[in-house]
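This report introduces a structure to a reader who has not met it before. The sequence and the structure are shown first, and a description follows.

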Amino acid sequence: MTGKRQLPIEGQHAHRQDLRTFMGVEAWVFDLDNTLYPHEADLFSQIDEQIALYVQKVLDLNRSDAMAHQKALYHEFGTTLRGLMTTQKIDPDDYLAFVHDIDYSGLEPNPDLGTAIEALPGKKFIFTNGDRPHAERTATALGISDHFEDIFDIVSADLIPKPNRETYDKFIDVTGISPVRAAMFEDLPKNLKVPHQLGMRSTLIIPKGSRDVFQESWDLEGDPYPHVDFVTEELTGFLKSVLGALR
C-alpha cells in the first residue's frame with residue numbers, strides 16, 4: 001500500500017463508490033458541448049475559432065491579441081458573450097449566430113447513446129451555455145434530439161451563464177425539477193459545484209486518454225473536486241452502467 005488516494009474507476013463514485021446513488025433520480029440534466037459528444041469530435045474548437053474571429057472583428061485586434069482578449073473575458077465573466085455584452089454592449093443575437101456558424105458534418109449519429117438516454121427513468125434536459133439552435137443542430141446530428149424534454153439555453157438563462165447560481169435557480173424554476181432527484185453531467189468541474197450543493201448527483205466527463213492527468217491532479221491537490229461524484233471518459237458506457245445499477 002502506497003497510501004496514494006485512488007481516483008474513482010469507471011462506474012465508481014468519488015466518495016460512496018456506488019452507482020446505486022442514482023436510484024430515485026427523476027431528472028437527467030446534460031451539458032451539450034464536449035459532454036453529449038466527445039471532445040475528440042473537435043466541434044467546440046470551431047466555436048472557439050469563431051469566438052476569436054468575432055472578438056477580432058468587434059475590437060479591431062490582430063489574431064493573437066483577439067485570442068488573448070477572448071480568454072481574459074471568458075475567465076472574468078464566465079463566457080466571452082457576457083464579457084462583450086458588459087464591455088462593448090454587443091448584440092447577443094448577432095454574436096450567437098456568428099459563433100455557432102460551424103460545420104456539424106464531423107458529428108456522427110450515436111444510436112447507443114440515444115438508447116441509453118431514452119432508457120433513463122424520468123425526464124431529460126439539455127442545459128447549455130450555447131443557444132437553442134446550436135443545441136438542436138448538435139442533438140439532431142447525434143440522432144438523440146427526440147429523447148429530451150426541453151433545452152435550457154443561454155437565452156433562457158437571460159444570457160447569464162453557468163456557473164452563476166441564479167442560472168441554476170432559473171433552470172429549476174422553469175423545468176420544475178427537484179434537485180435532490182436530479183443528476184447532472186458536465187465537462188467543466190466548476191459547473192458542477194452549484195448542482196452538487198443543491199443535491200444533484202454530479203458526473204464529470206473528461207476527454208479520452210486524460211485519466212492519468214486527472215489522477216495526477218487528484219493526487220497532488222488532495223481531492224480538488226469534492227463536488228464531483230463520478231468521473232468518466234465515456235458517457236454512453238457510463239449511462240449503461242447506471243442503468244445496470246438501477247435494475
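## The sheet

Two strands are said to pair if DSSP finds at least two bridges between them. Strand β2, residues 123-127, meets this condition with β3, for three bridges join the two, which run parallel. One of the residues involved is Ile 126, whose bridge partner in β3 is Ile 151. The model described here is predicted.

These strands belong to an open sheet of six, in the order β3-β2-β1-β4-β5-β6, with parallel pairing. At the edges stand β3 (150-152) and β6 (230-232); each has a single partner strand, so one side of each is left without a neighbour in the sheet. On average, neighbouring strands of the sheet are turned by 20 degrees against each other, direction ignored.

## A helix across the sheet

Helix α10, formed by residues 235-246, lies across four strands: β1 (27-30), β4 (182-186), β5 (201-205) and β6. With respect to β1, helix α10 runs at about 170 degrees.

## The nonpolar cores

The largest nonpolar core holds 49 residues. Those that touch the most other members are Phe 22, Trp 28, Phe 30, Leu 36, Tyr 95, Phe 185 and Leu 239. Helix α10 supplies the largest share of this core, six residues.

Leaving aside neighbours within four places in sequence, Phe 22 is in contact with Trp 28, Ala 183, Phe 185, Arg 201, Thr 203, Phe 230, Phe 238, Val 242 and Leu 246. Apart from the largest core lies another, of 20 residues, including Ile 172, Ala 182, Met 184 and Val 194.

Note on methods:
Residues are numbered from 1 along each chain as its sequence is written. This is a predicted model: local features need pLDDT of at least 70, side-chain atom pairs count only at pLDDT 80 or more; totals for chains, interfaces and linings use all residues. Side-chain values use heavy atoms; hydrogens and water are left out. Axes are lines fitted to C-alpha atoms, for helices over the stretch in contact, and angles run from 0 to 180 degrees between N-to-C directions. Contact means heavy atoms within 4.5 Å. A nonpolar core is a set of buried Ala, Val, Leu, Ile, Met, Phe, Trp, Tyr and Cys residues joined through side-chain atoms within 4.5 Å. Buried means under 20% relative accessible area, exposed over 50%, partly exposed in between (1.4 Å probe, protein chains only).
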